[in-house]
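Colleague: Got a minute to go through this one with me? I'd like to talk about side chains first, then the empty space.

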Amino acid sequence: MTKMPTTTTVVEYDDAGGASVLTVRTRPLPPPGPGEVTVEVMTAGLNHIDSFIRAGTESGWADEPWPRASGSDFAGIVVAVGAGVSRFGKGAEVIGHVRDGAQATFVTVPAGALATKPRGITWEQAGGLYLAGATALSTLDELRIAL
């Protein structure tokens, strides 16, 4: 991709419910600001928490405005870099996690929401890796298990 996209296709929903409330829409895509990058999403994870949020059972989301965007884990390729970002350049393969909106064709996110995609794993594996990895690390930290 040579030109920064100006729109993204996203999965959103306007009310709580099951998978039937999901809708695919086109939205404007802001260019990356300072400290941000835009990623072309190759795969997005499907996590249990996404369905809990969509169903309305997560109290931390009760005041979130509608429509809400679906998904938190993703893997993709950096297509644009904002000012002050040196860790990732265009073409970098990354995995990432956002509060919502990962189920999209492109996402613009803080560079701190990304990690380098491990070599040797597929895009499908990488799309759900971030939350699983963070959960595993948190568990090890809580259990105080030395590696």
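Colleague: Let's start with Trp66. Is Trp66 buried, partly exposed or exposed?

Modeller: This is a predicted model, and in it Trp66 has a relative accessibility of 38%. That lies between the 20% and 50% cut-offs, so Trp66 counts as partly exposed.

Colleague: OK, and how many aromatic pairs are there?

Modeller: The count is one aromatic pair. Tyr13 and Trp66 make it, with 5.9 Å between centres and 75° between the planes. Planes over 60 degrees apart count as edge-to-face, so that is the label for Tyr13 and Trp66.

Colleague: What about Tyr13, buried or exposed?

Modeller: Tyr13 is buried, at 2% relative accessibility. So the pair has a buried Tyr13 and a partly exposed Trp66.

Colleague: Which parts of the chain does that pair tie together?

Modeller: Tyr13 belongs to strand β1, residues 7-13, while Trp66 is in the loop between α1 (48-55) and β4 (68-69), so the contact links parts 53 residues apart in sequence.

Colleague: What kind of peptide bond joins Trp66 and Pro67?

Modeller: A cis one, with omega at about -5°. Pro67 is in the loop between α1 and β4.

Colleague: And Arg68, where does that sit?

Modeller: Arg68 is in strand β4. Its relative accessible area is 5%, so Arg68 counts as buried. If you want a distance, the C-alpha atoms of Arg68 and Ala115 are 25 Å apart, with the two positions 47 residues apart in sequence.

Colleague: Switching to cation–ring contacts. Which charged end sits over the ring of Trp61?

Modeller: That's Arg99, with its charged end 3.9 Å from the ring centre. There's also Lys117, which lies over the face of Trp123 at 4.8 Å from the ring centre.

Colleague: Now the core. Which residues touch the most other members of the largest nonpolar core?

Modeller: Val37, Val39, Phe74 and Leu114, out of 17 residues in that core. The elements giving two or more residues are β3 (36-44), β5 (73-81) and β7 (106-110). Strand β3 has the largest share, with three residues.

Colleague: On to the voids. How many cavities of 30 Å³ or more are there?

Modeller: One. The largest cavity holds about 60 Å³ of space.

Colleague: What lines the largest cavity?

Modeller: Some names from earlier come back: Tyr13, Trp61 and Arg99 are among the lining residues. The others in the lining are Asp50, Ile53, Ala69, Ser70, Gly71, Ser72 and Asp100. By class, that lining has four nonpolar, three polar and three charged residues.

Colleague: And how much space lies in the largest pocket?

Modeller: About 370 Å³. Its lining has 21 residues, with Val10, Ala69, Asp100, Gly101 and Val107 nearest the centre. Ala69 and Asp100 are also on the list for the largest cavity.

Colleague: Which elements give two or more residues to the pocket lining?

Modeller: Strands β1, β2 (22-28), β4 and β7 do. Strand β7 gives the largest share, four residues.

Colleague: How does the pocket lining divide by class?

Modeller: It splits into 13 nonpolar, three polar and five charged residues.

Technical notes
Residues numbered from 1 in each chain as written. Predicted model: local features only at pLDDT ≥ 70, side-chain atom pairs only at ≥ 80, totals over all residues. Heavy atoms only, no water. Phe/Tyr/Trp six-rings, centres within 6.5 Å; stacked < 30°, edge-to-face > 60°. Buried < 20%, exposed > 50% of the residue type's maximum accessible area, 1.4 Å probe, protein only. Lys NZ or Arg CZ within 6 Å of the ring centre and 35° of its normal. Core = buried A, V, L, I, M, F, W, Y, C linked by side-chain atoms within 4.5 Å. 1 Å grid on protein atoms, 1.4 Å probe; cavity = no way out; pocket = protein on both sides within 12 Å on 5 of 7 lines; lining within 4 Å. Points joined across faces, edges and corners; volume = space filled by probe spheres on them. Nonpolar A, V, L, I, M, F, W, Y, C, P; charged D, E, K, R; others polar.
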